[in-house]
Amino acid sequence: MTTAKLRALEKALKKLRAETIAQGTARIEPNRTDESQASTVDEDAQALSEMLQVLNSQRNKGKAELLARIDRALRKMKESPEMFGLCEECEEEVAPKRLQLIPYASLCTECQGLRDPQRRLTRKKLTDFD
Ligand SMILES: [Zn+2]
């Protein structure tokens, strides 16, 4: 990969990193545990609040994973730039288009699909960052 391409990807990674951090961490509200209020709490509202908590914690987890992957990619770029952009599984070049979309991708499309076929099927939109 050329230095210019590496620079562009580094820039993309840093931008993505800053954006991910700027989004902040989703707040996780504590569960209502006050027994005296239990009877007045709408059960639907309680169920909704529990659902939102689950969603929030999943989102936080996804964000933490994303940041870890970005940091890993930046480190790799610094330590072994000649390996950057090569699939860590088959050592073929990762398609430039894929790197454009996912600058922290460490596997080519094929190896990623082989490693995690389930995820590719179930994570199409919201959390599909890979
Ligand atoms: Zn591969």
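**A walk along five helices**

The buried residues of helix 2 pack against helix 1, and that pairing is a good place to start. Buried here means 20 or more other C-beta atoms within 10 Å of a residue's own, with exposed at 12 or fewer, partly exposed in between, and the C-beta atoms placed from the backbone. By that count, the buried residues of helix 2 are Ile 70, Ala 73 and Met 77.

A word on what you're looking at. This is a predicted model, where local features need pLDDT of at least 70 and side-chain atom pairs count only at pLDDT 80 or more, while totals for chains, interfaces and linings use all residues. Residues are numbered from 1 along each chain as its sequence is written. The protein averages a pLDDT (the predictor's confidence in each residue, from 0 to 100) of 84, and 75% of the residues score at least 70.

Read along the sequence, the pattern is α-α-α-α-α: five helices and zero strands. Both are DSSP runs numbered from the N terminus, helices being H or I of at least four residues and strands E of at least two. Among these elements, helix 1 (residues 3-22) has the highest mean pLDDT, 95, and helix 5 (residues 117-122) the lowest, 60.

Back to the pair. Helix 2 runs over residues 43-79, and its 37 residues reach 54 Å from first C-alpha to last, close to the 54 Å expected (1.5 Å times one less than the number of residues). Helix 1 packs on helix 2 at about 155°, with the axes 10 Å apart; axes are lines fitted to C-alpha atoms over the stretch in contact, and angles run from 0 to 180 degrees between N-to-C directions. The two helices are therefore roughly antiparallel, a label for angles over 145 degrees (under 35 is roughly parallel, 65 to 115 roughly perpendicular, the rest oblique). On the helix 1 side, the contact is made by Leu 6, Glu 10, Leu 13, Leu 16, Arg 17 and Thr 20; helix 2 brings Lys 63, Leu 66, Leu 67, Ile 70, Ala 73, Leu 74 and Met 77. Contact means C-beta atoms, placed from the backbone, within 7 Å.

Now hop to the loop between helix 3 (96-101) and helix 4 (109-115), where Leu 107 sits. Leu 107 counts as buried because 21 other C-beta atoms lie within 10 Å. Beyond its neighbours within four places in sequence, Leu 107 is in contact with Cys 87, Glu 88, Glu 89, Gln 112 and Arg 115. For the protein overall, 12% of the 130 residues count as buried.

Note on methods
Contact = placed C-beta atoms within 7 Å.
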